[in-house]
Amino acid sequence: FNLFGQLPVFAAGVVACVAFRAGVADRPLAAGATLCMLGAAVCWWRLPQPLCTPAIGVFFAAATLLLARWPARLFVNRATVALGRRSFSVFLLHFAVLDAFSRSGASAWFAGSDAGSVLQFLCVLGVAAALAWVSWRYVEQPGIACGRRLIDALDQAPARRTAGPNGSPAD
């Protein structure tokens, strides 16, 4: 992990989020510009090494905006929506899964080939997704429900009025 190497990827995600919230994805011109960004980012393999990671970040940010405008069933379906809801858990847990694979020697099974790297990616994703589902079901959902109950209880509580400087209610 390289903080400075990942900052452009983070920035591309922030720009995509701001654009989405501003409704930019609904404007045809912006969608066209996003398509151009996507096309440029697809050529990442021709870029010098330091620019590859930012190009991939721009690619995913542009693809996200395009999918917001024109959802494709292959990428926007029940399975991908469920994975998206658990994606932060998958992100957090994949580090532990990678560490477990490394410590157990399982990473050595996949070493030495591109196919092995792809297979390791799929295995890590599968294990992390399964753990994320357990975390979502037994930790996150109960925690979210508890937080909602707390907010509802606080909303229902009578508002306290603070006294002003002379003891009278402050407005």
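## Contacts and side chains in an all-helical chain

Among contacts in the protein chain between residues at least 6 apart in sequence, 58% join residues at least 24 apart. The coordinates come from a predicted model, and every value in this report is to be read with that in mind. The protein chain has seven helices and zero strands, so that, by the DSSP runs used to define these elements, its pattern along the sequence reads α-α-α-α-α-α-α. Of the 171 residues of the protein chain, 20% count as buried, while the accessible surface comes to about 12800 Å², with carbon and sulfur atoms supplying 68% of it.

Several of the residues described here belong to helix α5, which spans residues 87-104, or to helix α7, which spans residues 114-156. The table sets out the relative accessible area of some residues treated in the text.

| Residue | Relative accessible area | Class |
|---|---|---|
| Ser 89 | 7% | buried |
| Val 127 | 35% | partly exposed |
| Asp 99 | 36% | partly exposed |
| Val 14 | 37% | partly exposed |
| Arg 103 | 69% | exposed |

Ser 89 has its place in helix α5 and is buried, because its relative accessible area of 7% falls under the 20% limit for that class. When its neighbours within four places in sequence are left aside, Ser 89 is in contact with Ala 132, Ser 135 and Glu 140. Val 127, which lies in helix α7, is partly exposed at 35% relative accessibility, and, not counting residues up to four places away in sequence, Val 127 touches Val 97 and Phe 101. The C-alpha atoms of Val 127 and Leu 93 are separated by 9.0 Å, although these two residues stand 34 residues apart along the chain.

Phe 101, one of the residues touched by Val 127, also takes part in an aromatic pair. The count of such pairs comes to five. Phe 101 and Phe 110 form a stacked pair, with 6.3 Å from centre to centre and 15° between the planes; the pair is called stacked because planes under 30 degrees apart are classed in this way. Both Phe 101 and Phe 110 are buried. Elsewhere, Phe 88, Phe 91 and Phe 95 form one aromatic cluster. A further ring is involved in an arrangement with a charge, in that the charged end of Arg 137 sits over the ring of Tyr 138, at 5.3 Å from its centre.

Side chains of opposite charge can pair when their charged atoms come close. The structure holds one salt bridge, in which the side chains of Arg 103 and Asp 99 meet at 2.8 Å, taken from N to O. Arg 103 and Asp 99 are separated by about one helical turn, because they are four residues apart in helix α5. With a relative accessible area of 69%, Arg 103 is exposed, whereas Asp 99 counts as partly exposed at 36%.

On the surface, Leu 7, Phe 10, Val 14 and Val 18 make a nonpolar patch of about 370 Å². Val 14 has its place in helix α1, which covers residues 3-21. Val 14 qualifies for such a patch because its relative accessible area is 37%, and the residues of a patch need over 30%.

Methods
Residues numbered from 1 in each chain as written. Predicted model: local features only at pLDDT ≥ 70, side-chain atom pairs only at ≥ 80, totals over all residues. Heavy atoms only, no water. Phe/Tyr/Trp six-rings, centres within 6.5 Å; stacked < 30°, edge-to-face > 60°. Buried < 20%, exposed > 50% of the residue type's maximum accessible area, 1.4 Å probe, protein only. Lys NZ or Arg CZ within 6 Å of the ring centre and 35° of its normal. Patch = residues over 30% accessible without salt bridge, like charges linked within 9 Å, V, L, I, M, F, W, Y side chains within 5 Å. Areas by Shrake-Rupley, 256 points an atom, 1.4 Å probe, with all protein chains shown as cover. Salt bridge = Lys/Arg side-chain N within 4 Å of Asp/Glu carboxyl O. Helix = DSSP H or I, 4+ residues; strand = E, 2+ residues; numbered from the N terminus. Contact = heavy atoms within 4.5 Å.
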